[in-house]
Amino acid sequence: MSSNSTPSGLKKFENGFIRISGNRLLLTLRDTFVLVAATTMIAGFGIMIQNVIVDPMNGLIFGKQGLQLGRLISGSWATWQQSGFEHGLQTVANLIALVSNGILNFFRFASSSNFQLESLNQIL
């Protein structure tokens with residue numbers, strides 16, 4: 001085929017696809033989705049780990065409603081509540097909660113009408 005001939009169906013599709021993929025609105029929506037979805041999933045995994053594994057009193061590993069490893073490790077619930085391991089797990093659970101809530105609150109703040117991405121770039 002010469003370059004002066006009419007474009008084929010594939011060439012028309014490629015031209016239309018390039019025009020759509022260069023759309024700024026779609027690119028912005030894609031970038032926003034990736035940014036929000038990734039950090040929200042990280043926060044969700046953090047909350048899940050905190051509530052299921054790390055939580056020393058109500059979690060499914062150490063807590064009363066789960067495997068009760070806390071009681072098995074220390075002998076009784078009273079001893080478990082006073083142990084340093086329980087306090088360490090509680091500290092880790094609180095840190096995970098702070099990070100997860102911080103991530104989720106950042107996007108609540110970022111979605112407010114007064115916030116713009118340019119102001120974040122200036123802050124950073």
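Two rings of Phe, Tyr or Trp count as a pair when their centres lie within 6.5 Å, with the six-membered ring standing for Trp. Planes under 30 degrees apart make the pair stacked, and planes over 60 make it edge-to-face. The model here is predicted. A search of the whole structure turns up three aromatic pairs.

Start with phenylalanine 62 and tryptophan 80. Their ring centres are 5.6 Å apart and their planes differ by 15°. The angle is under the 30 degree limit, so the pair is stacked. This pair links distant parts of the chain. Phenylalanine 62 belongs to the loop between α2 and α3 (69-74). Tryptophan 80 belongs to helix α4, residues 77-82. The two residues are 18 residues apart.

How buried is each partner? Phenylalanine 62 has a relative accessible area of 10%. Tryptophan 80 has a relative accessible area of 1%. The cut-off for buried is under 20%, so phenylalanine 62 is buried, and so is tryptophan 80.

Phenylalanine 62 has another ring partner, phenylalanine 85. Here the centres are 5.7 Å apart and the planes stand at 75°. That makes the pair edge-to-face, because the angle is over 60 degrees. Phenylalanine 85 sits in helix α5, residues 84-110, while phenylalanine 62 is in the loop between α2 and α3. The pair therefore ties together parts that are 23 residues apart in sequence. Phenylalanine 85 has a relative accessible area of 45%, so it is partly exposed. Taken together, ring pairs join Phe62, Trp80 and Phe85 into a cluster.

Stay with the aromatic residues for one more contact. Lysine 64 lies over the face of tryptophan 77, at 5.7 Å from the ring centre.

The loop between α2 and α3 also holds glutamine 68. Its backbone deserves a look. Glutamine 68 is not a glycine, yet its phi is positive, at about 60°. With a relative accessibility of 23%, glutamine 68 counts as partly exposed.

Now move to helix α2, which covers residues 24-54. Two of its residues can be set side by side. Glutamine 50 is found in this helix, and methionine 48 lies there too. Which of them is buried, and which is partly exposed? Glutamine 50 has a relative accessible area of 15%, so it is buried. Methionine 48 has a relative accessible area of 44%, so it is partly exposed.

Their surroundings can be described in turn. Leaving out residues up to four places away in sequence, glutamine 50 touches Asp55, Ala93, Ile96 and Ala97. Met48 helps to make a nonpolar surface patch of about 490 Å². The other members of the patch are Met41, Phe45, Ile49 and Ile53.

Finally, step back to the whole chain. The protein chain has six helices and zero strands. From the N terminus on, its elements run α-α-α-α-α-α. Of its 124 residues, 19% count as buried. The chain exposes about 9,400 Å², and carbon and sulfur atoms supply 65% of that area. Consider the contacts with a separation of 6 or more: residues 24 or more positions apart account for 40% of them.

Terms used:
Residues numbered from 1 in each chain as written. Predicted model: local features only at pLDDT ≥ 70, side-chain atom pairs only at ≥ 80, totals over all residues. Heavy atoms only, no water. Patch = residues over 30% accessible without salt bridge, like charges linked within 9 Å, V, L, I, M, F, W, Y side chains within 5 Å. Areas by Shrake-Rupley, 256 points an atom, 1.4 Å probe, with all protein chains shown as cover. Salt bridge = Lys/Arg side-chain N within 4 Å of Asp/Glu carboxyl O. Helix = DSSP H or I, 4+ residues; strand = E, 2+ residues; numbered from the N terminus. Buried < 20%, exposed > 50% of the residue type's maximum accessible area, 1.4 Å probe, protein only. Lys NZ or Arg CZ within 6 Å of the ring centre and 35° of its normal. Contact = heavy atoms within 4.5 Å.
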